[in-house]
Amino acid sequence: MIQLIRGFKDILPGEVELWQQIEKITVDLFEDFGFSQIRIPIMERTELFKRSIGEDTDIVEKEMYTFPDRKGDLVTLRPEATASIVRAYIQHKLFAADPVQKLYMVGPMFRRERPQKGRYRQFYQIDAEIFGVASPLVDVQLIFLLTTLFSRLKVADAQAHINSLGCPRCRPGFKAALREMLMSVSDRLCPDCIRRRDRNPLRVLDCKVPSCREALADAPSILDHLCADCRQDFDAVQQSLDRLAVPYVVDKRLVRGLDYYARTTFEIQTGSLGAQSAVAGGGRYDGLVKALGGPEIPATGFAIGFDRLAEICGLDVENLLDKPQLFVAALGDRSQSLAFEWVCRLGQAGIRAEMDFSGRSLKSQMKRANRLGAAHVLIVGEDELEKGAAILRNMETKEQTMFDLARVVENIKQIFAGSR
Ligand code: AMP
């Protein structure tokens, strides 16, 4: 039997209802905050991700699904959404009417990481981006949006972590100080960190290898190197989070794997996910629109890991499963064909009705109705058809009432109106 590809997964009925509910709550909230949906392709030119994510990142170095298409152009399955959304913003000149645009999308991403619990090769993200606002207040708004969403989804222990990555003016000074410190602990760093030390030292702060984490206990903090503007910006973020009563921790080790981030950076972490503690991450990326050929327009955004969110979401799936309102237990050919008509008409009217097509005994049809969790069963046999009346059984209270078969669809609609 052919199995699915390692790191990929099916989302089956039973789980899908939870995903749908999460998506609905998220979309409602985003739209209340003025975001519009954008849909972007799953595949882009490889160049887009190389230029926006950066050549020295794990994603570009070793995780992208890249291949030549039939004409030999290199294409890549999207590993994240920001690059494509920025491309669309520039390509369609969305800034022309109004540079301020708030966009969101939900969909699959592809990274060839080592699969483990909470880490897949096809995973899903909910992504939000705000273009055209330089104020750090919108960074706060994004964090507020995330914490509000997580509380609506009954996530128990989500915690916001924030840091500043400085700007192109102050970051080089910090990078130099960090590189110097890293030279002094080189013998304790993993081979990846030795490479990062020379090319992209900020990423060493992000390494999960325990010996690297220990070696970096006394690493310098970027917060001690911020220029006056970045300092003021980061203070404003904290004051505003305080005013909104959003709890957070300042986490000097928090850096983003992607090159285009600057100033505010944040992550939502949770203890319930084991090693993969980040459920959402984001921050400001003011230089990217220009770097990809657009005007100089600031931007900020985040991505939530949908798979991880579904795992820690506290909504009750049982209550979300849609059960039939009516099961028609039909005995005999004539009843069966009438039942079929009713079931079709009821579905059309928005009432979920089921029946058994195999003409089995009343006992086994009742069993099936029970298994499906049907709220009511209408029992129809030849006798009932003769009399023009059948029994409608409430499966919860066991109460049975006589039901007029002359206008089944209308009567059922009337009885069940508003009961769903
Ligand atoms: P990133 O785009 O790397 O900032 O990731 C944003 C969020 O996506 C993370 O916080 C995770 O929740 C989720 N995520 C990233 N990579 C994976 C993966 N391979 N499998 C599942 N979720 C992921």
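Contact here means heavy atoms within 4.5 Å. Helices (H or I, at least four residues) and strands (E, at least two) are DSSP runs, numbered from the N terminus.

This is a predicted model, in which local features need pLDDT of at least 70, side-chain atom pairs count only at pLDDT 80 or more, and totals for chains, interfaces and linings use all residues. Residues are numbered from 1 along each chain as its sequence is written, and side-chain values use heavy atoms, with hydrogens and water left out.

**Two helices that meet**

Let's start with helix 2, where Leu 48, Phe 49 and Ser 52 meet Ala 83, Ser 84 and Arg 87 of helix 4. The residues of this contact divide into three nonpolar, two polar and one charged (Ala, Val, Leu, Ile, Met, Phe, Trp, Tyr, Cys and Pro count as nonpolar, Asp, Glu, Lys and Arg as charged, and the others, Gly among them, as polar). Helix 2 spans residues 46–53 and helix 4 residues 82–91; they pack at an angle of about 105 degrees, with their axes 9 Å apart. That makes helix 2 roughly perpendicular to helix 4, a term for angles of 65 to 115 degrees. Axes are lines fitted to C-alpha atoms, for helices over the stretch in contact, and angles run from 0 to 180 degrees between N-to-C directions.

**Domains and a sheet**

The protein chain is divided into domain 1 (16–170 + 226–317) and domain 2 (323–414), with bounds from an automatic or database domain assignment. Their C-alpha centres lie 50 Å apart.

An open sheet of five strands follows the order 13-12-14-15-16, with mixed pairing; two strands pair if DSSP finds at least two bridges between them. Strand 13 (353–355) and strand 16 (400–404) stand at the edges with a single partner strand each, so one side of each is left without a neighbour in the sheet. Strand 15 (residues 389–394) runs antiparallel to strand 16, joined to it by five bridges. Ala 390 stands opposite Phe 403 in strand 16.

Helix 16 (residues 408–416) packs on the sheet and touches strand 12, strand 14, strand 15 and strand 16, its direction making about 140 degrees with that of strand 16.

**Two lysines with positive phi**

Both lysines below are in loops, and each counts as exposed (over 50% relative accessible area).

| Residue | Phi | Loop | Relative accessible area |
|---|---|---|---|
| Lys 93 | near 45 degrees | between helix 4 and strand 5 (101–110) | 54% |
| Lys 154 | about 55 degrees | between helix 5 (137–152) and strand 7 (158–164) | 54% |

Terms used: Parallel < 35°, antiparallel > 145°, perpendicular 65-115°, else oblique. Buried < 20%, exposed > 50% of the residue type's maximum accessible area, 1.4 Å probe, protein only.
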